[in-house]
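Dear colleague,

Please find the structure below for your records. My findings on its sheet, helices and largest pocket follow.

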Amino acid sequence: MDGALAGFAATRGDELLHFGTALATWGSGLAGQVHDEVLRALREEGHGSAWLRVFEENRRAIRFYERRGWVAAEGRSTSLFPPHPVLCRYELELG
């Protein structure tokens with residue numbers, strides 16, 4: 001993407017808070033590479049597992065995470081912002 005921002009990730013402790021890549025990169029493998037790099041960084045920080053929340057209706061993201069070994073866990077919540085969609089918790093053992 002010639003120097004343009006192509007993706008981002010943010011963590012807090014063992015939580016993956018935000019993750020995404022530019023639409024133009026979808027299908028390129030970039031998201032998988034960034035995901036793997038985030039997990040590497042979490043391992044280096046000493047975390048044995050990680051967790052995230054994903055919108056229940058975001059089937060694309062859920063498929064992405066499940067293909068990479070994330071497992072649905074107990075703990076649903078709602079977004080603080082209208083229309084308050086449901087967030088599902090996913091966890092991953094970092095091994």
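In this predicted model, five strands (DSSP runs of E, at least two residues, numbered from the N terminus) form an open sheet in the order E1-E2-E3-E5-E4, with mixed pairing; two strands pair if DSSP finds at least two bridges between them. Strand E1 (7–12) and strand E4 (71–78) are the edge strands, each pairing on one side only. From one strand to the next, the twist averages 30 degrees. Strand E2 (residues 15–21) pairs with strand E3 (residues 49–55) in the parallel sense over two bridges, and Leu52 in E3 is the bridge partner of Leu16.

Helix H1 (residues 30–44; helices are DSSP runs of H or I, at least four residues) lies across E1, E2, E3 and strand E5 (86–93), at about 155 degrees to E2. Angles run from 0 to 180 degrees between N-to-C directions, with axes fitted to C-alpha atoms, for helices over the stretch in contact. Helix H2 (residues 59–67) also packs on the sheet, touching E2, E3 and E5 (heavy atoms within 4.5 Å).

The lining of the largest pocket divides into 16 nonpolar residues (Ala, Val, Leu, Ile, Met, Phe, Trp, Tyr, Cys and Pro), 10 polar (the others, Gly among them) and seven charged (Asp, Glu, Lys and Arg). E2 gives the largest share of this lining, seven residues.

Residues are numbered from 1 along each chain as its sequence is written, and side-chain values use heavy atoms, without hydrogens and water. Local features need pLDDT of at least 70 and side-chain atom pairs 80 or more, whereas totals for chains, interfaces and linings use all residues. A pocket is an open set of points on a 1 Å grid over the protein atoms alone, where a 1.4 Å probe fits, with protein on both sides within 12 Å along at least five of seven lines; lining residues have an atom within 4 Å of a point.

Yours faithfully
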